[in-house]
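Grab a coffee and open the viewer. Here are some short exercises, each with a worked solution.

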Amino acid sequence: MTRICVFGAGAIGSHLATRAALGGADVAVVARGPHLEAMRERGITLHAHDGVRTVRVQAAATAAEIGPVDAVLVTTKVPALPAAARAIAPLLGPDTPVAFVTNGIPWWYFLRHGGGRDGERIPLLDPGAEIEHGIGIHRTLGGVVYSASAVIEPGVVKSEHADIRLFLGEPDGFISDRARLIAGPIEAGGMPCPVVSDIRHRVWGKLIGNLTSGPLCILSRSDMMTTLSDPAVYAAAIRIAEEGAALALAYGHDLATSAEARMKRSAMIAHKPSILQDLGLGRAMEIDALFTVPLDLGRQAGVPMPTFELAARLATQAARAAGCYAPPG
């Protein structure tokens, strides 16, 4: 039986842990606060399109309580990754892979890239290369998840629609057995989990949604459906999606789906993006991975992003005013 630890089991992590447990894995989670205590006492209850299920997992406050596992899924928010890299050492055996299931541009984006910028670091996302040194690119898998989820009470997670999936991939594009090791029980537990050779393409595909819904929903303080119901905001979202697609193309990824089609889909979803949830809860927000670094990449590639930049700058100000973001330095 595959032993998997989900490190940072909030809404997304708890959903993935539940799917893995339903699929037959021996699952442990590292979490904190009332959510941790509830999982210790009652397990995780998932409300999803395919029913309500409760699973028992080993719930711990530290990795040391769990010990070495076959695979780790890191589902903390990006600002917490350096601390996570320091904390997960007890989970790592000689060959334990670590899949980073995160939003935005990942810290490892140019590592094992194979292109002209192969080996470049993004210091804003991995200050002092702490994640790279603590975990190692040799252990790293990329993960991109679609699961509009929220913790509705301690130990209870709600997934808001049926369009769920987790993409896993090696940074060098190799289809590996270790990625399949993680994907197998998650698939068996009811969440499609393709192992792909183009994980960066999947990063860009999800990022377009983050670029539009993230800053606009922060400014409106409302869910995607409500925010995009205003025609002027909807038109701005289309422009942002077009700017994001141009940026992805500049880095070699043609996303094909039109901005209009993307926004029609988003406008039907009454979900608050996770970055807005973080603002409401006073938690650290993923400003750099979702806003700052994409803008930096746009400048480097000569891709103008005026509509996104305006929305992102205003959203960043809101995050700073709420004490949920402090720029580095």
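What follows is a set of three exercises on cores and contacts.

This is a predicted model, so local features need pLDDT of at least 70 and side-chain atom pairs count only at pLDDT 80 or more, while totals for chains, interfaces and linings use all residues. Residues are numbered from 1 along each chain as its sequence is written, and side-chain values use heavy atoms, with hydrogens and water left out.

**Exercise 1.** Find which residues of the largest nonpolar core touch the most other members.

*Solution.* Start with the term: a nonpolar core is a set of buried (under 20% relative accessible area, 1.4 Å probe, protein chains only) Ala, Val, Leu, Ile, Met, Phe, Trp, Tyr and Cys residues joined through side-chain atoms within 4.5 Å. Among its 76 residues, the top ones are Leu 91, Phe 100, Ile 105, Trp 107, Trp 204 and Phe 291. Next, look at helix H6 (residues 199–220; helices are DSSP runs of H or I, at least four residues, numbered from the N terminus), which gives the most to this core, with nine residues.

**Exercise 2.** Is Ser 213 buried or exposed?

*Solution.* First, place Ser 213 in helix H6. Its relative accessible area is 12%, so Ser 213 is buried. Then check its side chain: a polar atom there lies 2.8 Å from the backbone oxygen of Gly 209.

**Exercise 3.** Work out where Ile 269 lies.

*Solution.* Ile 269 is in the loop between helix H9 (259–266) and helix H10 (274–281). Now the partners: beyond its neighbours within four places in sequence, Ile 269 is in contact (heavy atoms within 4.5 Å) with His 161, Asp 223, Met 224 and Met 225.

Definitions and conventions:
Buried means under 20% relative accessible area, exposed over 50%, partly exposed in between (1.4 Å probe, protein chains only). Helices (H or I, at least four residues) and strands (E, at least two) are DSSP runs, numbered from the N terminus. A polar contact is a pair of N or O atoms within 3.5 Å; within protein, one must be able to donate a hydrogen and the other to accept it, and residues adjacent in sequence count only if both atoms are side-chain atoms.
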